[in-house]
Amino acid sequence: MLGWLIIGGGIHGAHIAARLIGEAGVLPGRLRILDPGVRLLERWNACSAATGMRHLRSPAVHHLDLDPASLDRFAGTPLRRAPGLFAHPYARPSLAFFNEHCDHVIATYGLAALHVHGRAERIELNRDRVLVRTNEGRTLSAARIVLAMGSSDQPAWPAWAGRGEDPCIRHVFALGFRLAEGMRRKQVIVVGGGISAVQVALWLAVGEGRVHIVCRHAPREHQFDTDPGWLGPKLMRGFQRDRDPERRRALIGEARHRGSMPADVMDALRRAISAGKIQWHRSEVCALRPGSEPLRVRLSSGIRLSADRILLATGFETKRPGGLLVDRLIEDAALPCAACGYPLVDEHLRWHPRVFTTGPLAELELGPAARNIAGARRAADRIVASRPSWV
Ligand SMILES: Cc1cc2nc3c(=O)[nH]c(=O)nc-3n(C[C@H](O)[C@H](O)[C@H](O)COP(=O)(O)OP(=O)(O)OC[C@H]3O[C@@H](n4cnc5c(N)ncnc54)[C@H](O)[C@@H]3O)c2cc1C
């Protein structure tokens, strides 16, 4: 029997594995990470590449290693480091460098060898163990599990767009999506107005094509997607004091700067708009002529657009992640949920003595930054601090 099984090998699963091994002394042989990807971090790599982003939005202290200074150290001494590894302000790492550091952390803690390929399909909580059945017919047995499934498996599709039936309408976070050079020669409508939509549009606008962005609101500028105060006692103290999950849900909703972008992305957007490369339509798609080529779209503003491609950068569904797997677990083990459907967990993110959570599943305890890299670090703090008899 394993000591720990982490379900989900993304940013959260990988960081928690590193912390359990490197900080809590869990023996690698007693820990596994279950994930359907060929490699760990596959969804992170795919989603980040799909936006054309060059730098992370978060600062250099947010990464997968134990020591907050690890990424900065990995860059070498300031006088000798290669240019472009970090963007101002807040020393935000380039995506390529951040990913290199992820590989370094995975190698340091030998995480690739702990990766079990597969998707958890059923979780059974027994008196002394948890049994996890996978889509590949395996049953894994562990003393405790961490639910680290994230929400990147559930891109949000607007109702008018179908769900991928029309090959000319793609979601940038759908499985298999890639930005292809040929798209730069096409007329493209990008739907969505947050950082990912704008990064996709800026990537496309390098070519000859003209890019339309269709978004309900005007461009919004925020350096981070939540105020950094949510990472410490300044804002978290009040959140933790309020035990009412509905008020916590409301605080989370208010605190997230959804559909926003940092100043450098906003500046690049303004330049592209002035140069006529990007047109921002503050509107909604209200009709799409099915099967037409090029695609013909009518906006709520009355404007009609035609395009070769529609790319949706509309983020992820806000519903509880984990689908049927988590629905059944809740039912079988009578696990507590708030009215919004999300888990009610203790201060160590335990939903059950054998079930820990992280990411969105832990956000009613961890607060508005739970889904981010910093949220993975906070989750690991709480799980490691629970100090059960582990190894
Ligand atoms: C384009 C983009 C840029 C971002 N930039 C930043 C940034 O700069 N800074 C920041 O802090 N945050 C950023 N984020 C937010 C966040 O950090 C990432 O989304 C991060 O990948 C979330 O990690 P995760 O482990 O929760 O989810 P994921 O990376 O999606 O990993 C979850 C894994 O669980 C797997 N899984 C799901 N169901 C099962 C199952 N039943 N069995 C087994 N495995 C399963 C999935 O296949 C996936 O591999 C960004 C997000 C996106 C999309």
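These questions and answers walk through a predicted model of a protein chain with a ligand.

Biologist: How many helices and strands does the protein chain have?
Modeller: The protein chain has 391 residues, and 41% of them are buried. Its secondary structure comes to eleven helices and 18 strands.

Biologist: What radius of gyration does the protein chain have, and why does it agree with a compact globule?
Modeller: The C-alpha atoms fill a box of roughly 60 × 55 × 40 Å along the principal axes. With 391 residues, a compact globule would come out near 21 Å, so the chain's value agrees: 22 Å.

Biologist: How far apart do the C-alpha centres of domain 1 and domain 2 lie?
Modeller: The chain is divided into domain 1 (2–153 + 317–385) and domain 2 (159–222 + 257–312). Their contact takes eight residues from domain 1 and 13 residues from domain 2. On the domain 1 side, these are four nonpolar, three polar and one charged. The two C-alpha centres lie 30 Å apart.

Biologist: Where does the largest nonpolar core lie?
Modeller: This core has 99 residues. Ile 7, Ala 17, Val 190 and Ala 201 touch the most other members. Both domains give residues to the core, so its place is between domain 1 and domain 2.

Biologist: Which residues is Ala 201 in contact with, leaving aside its neighbours within four places in sequence?
Modeller: Ala 201 is one of the buried residues of helix α5. The buried residues of α5 pack against elements including β10 (188–191), β11 (211–215) and β12 (278–282). The contacts of Ala 201 are Val 190, Val 211, Ile 213 and Ile 278.

Biologist: How many of the ten residues of helix α5 are buried?
Modeller: Helix α5 spans residues 195–204 and is mostly covered. Among its buried residues are Ile 195, Val 198 and Leu 202. The number buried is nine.

Biologist: Which helix or strand gives the most to the shell around the ligand?
Modeller: The ligand is surrounded by 35 residues, and the closest are Gly 8, Gly 10, Gly 150, Ser 152 and Asn 372. By class, the shell divides into 13 nonpolar, 15 polar and seven charged. At least two residues each come from α1 (11–22), β2 (31–35), α2 (42–49) and α11 (373–385). With five residues, the one that gives the most is α2.

Biologist: How far apart in space are Leu 299 and Glu 284, C-alpha to C-alpha?
Modeller: Leu 299 is found in strand β14 (residues 295–299). Its contacts include Val 214, His 281 and Glu 284. Leu 299 and Glu 284 are 15 residues apart in sequence, yet their distance in space is 5.4 Å.

Biologist: Which two residues does a cis peptide bond with omega of about -10 degrees join?
Modeller: One partner lies in the loop between β3 (86–87) and β4 (92–93). That partner is Pro 89. The bond joins His 88 and Pro 89.

Biologist: Is Tyr 90 buried, exposed or partly exposed?
Modeller: Tyr 90 lies in the loop between β3 and β4. Its phi is positive, about 70 degrees, although it is not a glycine. Buried needs 20 or more C-beta neighbours within 10 Å, and exposed needs 12 or fewer. Tyr 90 has 17, so it counts as partly exposed.

Biologist: Is Leu 349 buried or exposed?
Modeller: Leu 349 is found in the loop between α9 (323–333) and β17 (350–352). Its phi is also positive, about 65 degrees. With 28 C-beta neighbours inside 10 Å, Leu 349 counts as buried.

Key: Residues are numbered from 1 along each chain as its sequence is written. This is a predicted model: local features need pLDDT of at least 70, side-chain atom pairs count only at pLDDT 80 or more; totals for chains, interfaces and linings use all residues. Helices (H or I, at least four residues) and strands (E, at least two) are DSSP runs, numbered from the N terminus. Two residues are in contact if their C-beta atoms, placed from the backbone, lie within 7 Å. A residue is near a molecule or strand if its C-beta atom, placed from the backbone, lies within 6 Å of it. Ala, Val, Leu, Ile, Met, Phe, Trp, Tyr, Cys and Pro count as nonpolar, Asp, Glu, Lys and Arg as charged, and the others, Gly among them, as polar. A nonpolar core is a set of buried Ala, Val, Leu, Ile, Met, Phe, Trp, Tyr and Cys residues joined through C-beta atoms within 7 Å. Domain bounds come from an automatic or database domain assignment. The radius of gyration is taken over C-alpha atoms; the globule rule is 2.2 Å times the number of residues to the power 0.38.
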